[in-house]
Amino acid sequence: MHTSTNLASVRSSTLSHWMKVALQKGKQGVQRGERPFGAAIYRLTGEEVAVTCNTVFSTNNPAAHAEVNAITQACQSLGKTKLSDCWLLATAEPCPMCLSTAALAGIRFIAFGATQAVVKEAGYGDLGLTGREFAKQLTTDLILQGPVLGNECVSFLLNNRKRDQLG
Ligand SMILES: Nc1nc2[nH]cnc2c(=O)[nH]1
């Protein structure tokens, strides 16, 4: 796992731009009553493949995290199950479930905004293992880069703290 170097040679300004798109989608989700998480998938060439938000509430599906939705949508849109030529952008550090899904899809490049500590502070699911800790256990080589657009992503989470008690 690498946390600072960008081996996929995408400019940090490009990552910030992609993160803004994910953040915007997360904000749209909040307006519809969803939890404050957005994600996006871009090809290394710069092509936008998927932009999604958390839909746990509207689908009654605890696995409908923004990142899992993005991976599902990207695979369906590209008609394949491997996304090894893609970046995954997530407004918050992906949880172990999302990282597992990304690894299964062959994703090697992930950028996140807010850390798991902020996710926890905002009252959202803490599995006791951060994405960064989990990534170290994976046998796949993963670049997990963050924070990207950290201040904006932290504010987004903290301004939308959990009010429900449903997990
Ligand atoms: N990264 C991330 N963490 C979450 N915790 C609860 N929902 C989510 C989500 O959609 N994404």
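Mentor: Let's start with a yardstick: a residue counts as exposed when its relative accessible area is over 50%, and as buried when that area is under 20%. Keep in mind that we are looking at a predicted model.

Trainee: Good, then why is D141 called exposed?

Mentor: D141 has 53% relative accessibility, and the cut-off is over 50%, so D141 counts as exposed. You will find D141 in the loop between α6 and β5 (143–145).

Trainee: How far apart are D141 and R163 in sequence and in space?

Mentor: They are 22 residues apart in sequence, and their C-alpha atoms are 37 Å apart in space.

Trainee: And how do you know whether L127 is buried or exposed?

Mentor: The relative accessible area of L127 is 62%. Exposed begins over 50%, so L127 is exposed. L127 belongs to the loop between α5 and α6, and its C-alpha atom is separated by 16 Å from that of E67, 60 residues away along the chain.

Trainee: Now the rings. What makes W18 and Y42 a stacked pair?

Mentor: Two values decide this one. The ring centres are 4.4 Å apart, and a pair needs centres within 6.5 Å. The planes differ by 5 degrees, and stacked means under 30 degrees. So W18 and Y42 form a stacked aromatic pair, one of 3 aromatic pairs in the structure.

Trainee: Why do you say that this pair ties together parts of the chain?

Mentor: W18 lies in helix α1 (residues 12–31) and Y42 in strand β1 (residues 38–43), so the pair ties together parts 24 residues apart in sequence. Both W18 and Y42 are buried.

Trainee: What makes F37 and Y124 edge-to-face?

Mentor: Their planes are 85 degrees apart, with 5.4 Å centre to centre. Edge-to-face needs over 60 degrees, and a pair needs centres within 6.5 Å, so F37 and Y124 form an edge-to-face pair. F37 sits in the loop between α1 and β1, and Y124 in the loop between α5 (116–121) and α6 (131–137), so this pair ties together parts that are 87 residues apart in sequence.

Trainee: How do you know whether F37 and Y124 are buried or exposed?

Mentor: F37 has a relative accessible area of 9% and Y124 one of 8%. Buried means under 20%, so F37 is buried and Y124 is buried too.

Trainee: What is notable about the phi of N60?

Mentor: Most residues other than glycine have a negative phi. The phi of N60 is near 50 degrees, a positive value in a residue other than glycine. N60 lies in the loop between α2 (56–59) and α3, and at 72% relative accessibility N60 counts as exposed.

Trainee: And what about L149, is it buried or exposed?

Mentor: L149 also has a positive phi, about 55 degrees, although it is not a glycine. Its relative accessible area is 13%, and buried means under 20%, so L149 is buried. L149 lies in the loop between β5 and α7.

Trainee: What makes the bond between G146 and P147 a cis peptide bond?

Mentor: Its omega is about 0 degrees. Most peptide bonds are trans. P147 is placed in the loop between β5 and α7 (150–158).

Trainee: Last one: which residues lie nearest the centre of the largest pocket?

Mentor: They are N54, P62, H65, C95 and G125, from a lining of 22 residues. By class, that lining has 12 nonpolar, 7 polar and 3 charged residues, and the space in the pocket is about 410 Å³.

Key:
Residues numbered from 1 in each chain as written. Predicted model: local features only at pLDDT ≥ 70, side-chain atom pairs only at ≥ 80, totals over all residues. Heavy atoms only, no water. Phe/Tyr/Trp six-rings, centres within 6.5 Å; stacked < 30°, edge-to-face > 60°. Helix = DSSP H or I, 4+ residues; strand = E, 2+ residues; numbered from the N terminus. Buried < 20%, exposed > 50% of the residue type's maximum accessible area, 1.4 Å probe, protein only. 1 Å grid on protein atoms, 1.4 Å probe; cavity = no way out; pocket = protein on both sides within 12 Å on 5 of 7 lines; lining within 4 Å. Points joined across faces, edges and corners; volume = space filled by probe spheres on them. Nonpolar A, V, L, I, M, F, W, Y, C, P; charged D, E, K, R; others polar.
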